Amino acid sequence: MKFTLSWLKDHLDTTASVDEITETLTDLGLEVEGVENPAERLKTFTLARVKDAQQHPDADRLRVCTVETDEGDKQIVCGAPNARAGITVVLCKPGDYVPGIDVTLSVGKIRGVESHGMMASERELELSDEHDGIIELPSGTVGEKFVDWLAANDPAKVDPVIEIAITPNRGDALGVRGIARDLAARGLGKLKPLAVETVPATFDSPIGVSIDGDTLDGAPLFYGRLIRGVKNGPSPKWMQKRLKAIGLRPISFLVDVTNFFTYDQNRPLHVFDADKVKGNLRVHRATGGEEILALDERTYTLLPGMIAISDDEGVESIAGVMGGEVTGCTDETVNVFVESALWDPVQIATTGRALKIHTDARYRFERGVDPEYALDGLEAAVRMIVDVAGGEASSLVKAGAAPKWQRAYKLDPKRVQSLVGMEISESEQRQTLTALGFRMDGDMAHVPSWRSDVQGQADLVEEVARIASLTKLVGRPLPRMVAGVPKPILTAGQVRASSARRTAASLGYNECVTYSFIDVAAASLFGGGDDATRLENPISSDMSHMRPDLLPGLLRAAARNQARGYMDLALFEVGHAFHGGEPGEQHMQISGLLVGRTGPKDVQKASRPVDLFDAKADAESILAAIGAPAKTQIMRNGPAWWHPGRHGQFCLGPKKVMGVFGELHPKVLREMDIKGPAVAFTIWPEEVPIPKNPTASRPALVTSEFQAVERDFAFVLDSGVEVLNLVNAAAGADKALIEDVRVFDEFIGGSLGEGKKSVAITVRLQPTGGTLKDKDIEAVSAKIVEKVQKATGGVLRG
């Protein structure tokens, strides 16, 4: 929405500067998008008088002028044909920037004669295209600012143009008067009264109007008056200047007057050439297939249900959107029918989008216009047409009735203060609403007809707050519900997720945030892809299912990085995976992925391919960070997407699985297009027990004052027995006393025979109640041998 300062002052009596107005508009919610202020580029130029003008000694078309300036007499070489003694000119001094020629002046020589500046033409100052000579002013004193002279003598040339952004609910601000009303309510001036003088009718209109019964919901009201004997032609200069300033091209007076009221009062109008209208006008819904040559010289085909205005021969206008070329006004028009109607906003928006027509009328009708101003807008336009173009007006033609718009809401001053958070007195609240056009009746605020956006008490609060200015709002901390140190607001799960992120990042991983939707092929590889997790309306075919695990997203990210030359990766993600499609059928996961090598190649050959023990170590660090018990069992039987012989699960028992680590199945890596070794881990933080007495601090270190004892055992096992079963069995012989079990040797072949192997372990015993005696050690050793033999079939090596 564009308007000029002088246009605004037609409705607002104010002395505020452009800066004050723009700052206030933005504060009121009418955000200023730009200001074109011609005075800014002219502010350095002053008036001067030519005292003498002599022929240049070396150029026929140049004159050497002596110019009286506010800094004394200056010599200026000028090539304008009207440069002569006695005229008042606009002076550009050395150092001034001249916008029309994009030059910053300096003292120079022209054909050997020194020149101290220039005398400007209108085109050089971007005031017009006139460049036949320099500017000659009829008045002015030497040294006077040129912008001050223009403001007093030709204000249109320094009239600032302000452009504001309009939110969809503020249709009333699509008229200059609506903007002026908001500024007046803020106290930036006084809203001028709007008087509408009706032109007396001298005859009955030969054109009648009717609205079909099935169309009244989309076209409730239609006003019209016929004016005969008008003389169309160019608009008055003041109107042309205003329309040009806001980017509209003046066409003819009868067309320009409709554009003027569209921007001035937010009242779109349409003018028919009455001599081209055949019979009466009928407002109706299209049956489909009707065609109209519109004012943009394009032919449109109407769809069923669109509202049209037709005469006896066919469609003459697309209601509320665009008129027809056939009945449009030309320079030969002498009789016109002026239309002012109401249209349903949704209907207009639907029609405009379907036909892909964007007009100022559509833009306003679909945001809502003032139903009460339909008649006054018509009368004001008729008065302007008669005053400027002559003619006489018919009696009013009316069809339909204005829709019921009256409504009122209760103003609760205390509630306003509570919601806004500012001390705004009741009298100030009532005064604000009154200034905005509301009618106060007791504590009921009756909404003005032009504010279709006000639909409840909350809107009254917003209006009061908007005018009071939320920039005055002072930040205040919320009162505490209870005295003292407040309780933590983060849940245990949120704390664990944050701890996991920090730990993974400290280990060198980069965090990923991937989509919760994946394709069915990837979901199937990780135990998903069923109908329960399928989306009804997916964004694309690659996002058809909820992810059953975080690893598919990490693998896809790794594949994209490898395709771009990044082969060594450490990625992690913390988020939800989904095991069903119902609310609650989701679980939190912490997943990490290592691909490639541990680091770049170096001379020490420290770089190596990542292996499952790298994933295990990182998973154990994260488990420790989120509070998992230090003693866990490593067990097999992980999901099918893990390598069957190179993975393990962190367990607190056969049924309590906290996480899994290891190599991913080669089939999964092949399907996901991953090159090189890839190991990963997944942790389910919800499976990690919550401490019975959680504290924010780290618990005290518990050490034993008694000597630890280590004993070595060597067991002969079948070659197919997993060492993991041996370690778990030994550790479970006495959980209170056995602190650690480590494998330190494996031997195959020799005297053991075919299909046998020897595995040696060290068991560390840590007493807490007293020093261990030989009989205690022997008893624990016997338990270890018994447990291992029972679990693995192994025997103690002799």
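Biologist: Is Asp 441 buried, partly exposed or exposed?

Modeller: Let's read its accessibility, keeping in mind that this is a predicted model. A residue is called buried under 20% relative accessible area and exposed over 50%, with partly exposed in between. Asp 441 has 47% relative accessibility, so it counts as partly exposed. You can find Asp 441 in strand β29, residues 439-441.

Biologist: Which residues gather with Asp 441 in a patch of negative charge?

Modeller: Asp 412, Glu 426 and Asp 443 join Asp 441 in that patch on the surface.

Biologist: Now for opposite charges. How many salt bridges are there?

Modeller: A salt bridge needs a side-chain nitrogen of Lys or Arg within 4 Å of a carboxyl oxygen of Asp or Glu. By this rule, the count is 44. One of them pairs Lys 51 with Asp 73, with 2.9 Å between the closest N and O atoms. Lys 51 sits in strand β4 and Asp 73 in strand β6, so the pair ties together parts 22 residues apart in sequence.

Biologist: Which parts of the chain does the pair Arg 228 and Glu 392 link?

Modeller: Their side chains meet in a salt bridge at 2.9 Å, N to O. This pair links distant parts: strand β17 holds Arg 228 and strand β26 holds Glu 392, 164 residues apart. Arg 228 is partly exposed, at 35% relative accessibility, and Glu 392 is partly exposed too, at 31%.

Biologist: And are Arg 451 and Asp 172 buried or exposed?

Modeller: Both are buried. They form a salt bridge at 3.7 Å, N to O, and belong to a network of salt bridges whose members include Arg 170, Asp 182 and Arg 466.

Key. Residues numbered from 1 in each chain as written. Predicted model: local features only at pLDDT ≥ 70, side-chain atom pairs only at ≥ 80, totals over all residues. Heavy atoms only, no water. Patch = residues over 30% accessible without salt bridge, like charges linked within 9 Å, V, L, I, M, F, W, Y side chains within 5 Å. Areas by Shrake-Rupley, 256 points an atom, 1.4 Å probe, with all protein chains shown as cover. Lys, Arg positive; Asp, Glu negative; His and termini not counted. Charge placed at Lys NZ, Arg CZ, Asp CG, Glu CD. Helix = DSSP H or I, 4+ residues; strand = E, 2+ residues; numbered from the N terminus. Buried < 20%, exposed > 50% of the residue type's maximum accessible area, 1.4 Å probe, protein only.
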